[in-house]
Amino acid sequence: AMLATKGKQIDDVIQLDVPDEILTERITGRWIHKKSGRSYHTKFNPPKEAGIDDITGESLYQRKDDTAEVLPKRLANYHESTTPVIDYYTKAAKVKIINANDKMSTVWQRMKAALGIDGER
């Protein structure tokens with residue numbers, strides 16, 4: 001309703017599809033250097049020494065909601081809140097499901113193709 005009052009509408013909805021098991025692996029392996037925001041991953045981009053920032057030698061931290069204990073509830077809440085939205089726009093034939101279990105550049109190409117976007121932005 002808010003968009004309609006401004007003469008706008010939603011043309012497309014992108015759903016990035018990644019299995020929860022993959023999200024769990026990606027999220028629970030994430031570690032951050034607080035001061036710089038540098039991000040590490042235990043599998044995909046590990047620091048030279050576990051738990052230590054490569055540049056400063058300072059400790060890394062893991063967000064409280066990125067832990068294996070908390071993440072299942074976080075994912076359940078995500079699905080609970082997004083499923084009705086996706087269902088609504090699916091009925092309106094606006095959802096484009098993108099396999100996002102791939103390299104970022106590949107996912108971006110899939111998104112551009114789904115939206116009919118040519119060239120770089």
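# Notebook: loops, pockets and overall form

**Entry 1: Ala93.** I began with Ala93, which is placed in the loop between α3 and β4 (95–99). I note at the outset that the model is predicted. I looked up the backbone angle of Ala93 and found a positive phi of about 60°, although the residue is not a glycine. I recorded this because most residues other than glycine have a negative phi. Is Ala93 buried or exposed? Its relative accessibility is 68%, and exposed means over 50%, so Ala93 counts as exposed.

**Entry 2: Ala114.** I then turned to Ala114, which lies in helix α4. Its C-alpha atom is separated by 13 Å from that of Ala93, and the two residues are 21 residues apart along the chain. The relative accessible area of Ala114 is 27%, so I entered the residue as partly exposed. Which residues does Ala114 touch, if those up to four places away in sequence are not counted? I found Lys96 and Ile98.

**Entry 3: Asp66.** My next residue was Asp66, in the loop between β3 and α3. I asked whether Asp66 is buried or exposed. Its relative accessibility is 0%, and the cut-off for buried is under 20%, so Asp66 counts as buried. I also listed what Asp66 touches, leaving out residues up to four places away in sequence: Ile27, Thr28, Arg30 and Arg74.

**Entry 4: the largest pocket.** I looked next for open space in the model. Rolling a probe the size of a water molecule over the atoms shows where empty space is left. The largest pocket holds about 500 Å³ of space. It is lined by 20 residues, and those closest to its centre are Leu16, Val18, Leu23, Leu75 and Tyr78. Two or more lining residues come from each of β1 (13–17), α2 (20–28), β3 (39–41) and α3 (71–91). Which element gives the most to this lining? I found that α3 does, with 8 residues. By type, I entered the lining as 9 nonpolar, 6 polar and 5 charged residues.

**Entry 5: the second largest pocket.** The second largest pocket has about 180 Å³ of space. I wrote down its lining residues: Leu16, Arg26, Ala100, Asp102, Lys103, Met104, Val107, Trp108 and Met111. Helix α4 (residues 104–115) supplies the largest share of this lining, 4 residues. I sorted the lining into 6 nonpolar and 3 charged residues, with no polar ones. Leu16 appears here as a lining residue, and I had already entered Leu16 among the residues closest to the centre of the largest pocket.

**Entry 6: the whole chain.** Finally, I looked up the chain as a whole. Its secondary structure comes to 4 helices and 4 strands. Starting at the N terminus, I read the order of the elements as α-β-α-β-β-α-β-α. Why do I describe the chain as more spread out than a compact globule? The radius of gyration is 19 Å, which is well over the 14 Å that the globule rule gives for 121 residues, and therefore the chain is more spread out than such a globule. Along the principal axes, the C-alpha atoms fill a box of roughly 55 × 35 × 30 Å.

I closed with three further entries for the chain. Of its 121 residues, 20% are buried. Among the contacts with a separation of 6 or more, 51% join residues 24 or more positions apart. The accessible surface comes to about 9,000 Å², and carbon and sulfur atoms account for 55% of it.

Methods. Residues numbered from 1 in each chain as written. Predicted model: local features only at pLDDT ≥ 70, side-chain atom pairs only at ≥ 80, totals over all residues. Heavy atoms only, no water. 1 Å grid on protein atoms, 1.4 Å probe; cavity = no way out; pocket = protein on both sides within 12 Å on 5 of 7 lines; lining within 4 Å. Points joined across faces, edges and corners; volume = space filled by probe spheres on them. Nonpolar A, V, L, I, M, F, W, Y, C, P; charged D, E, K, R; others polar. Buried < 20%, exposed > 50% of the residue type's maximum accessible area, 1.4 Å probe, protein only. Contact = heavy atoms within 4.5 Å. Rg over C-alpha atoms; globule rule 2.2 N^0.38 Å. Areas by Shrake-Rupley, 256 points an atom, 1.4 Å probe, with all protein chains shown as cover.
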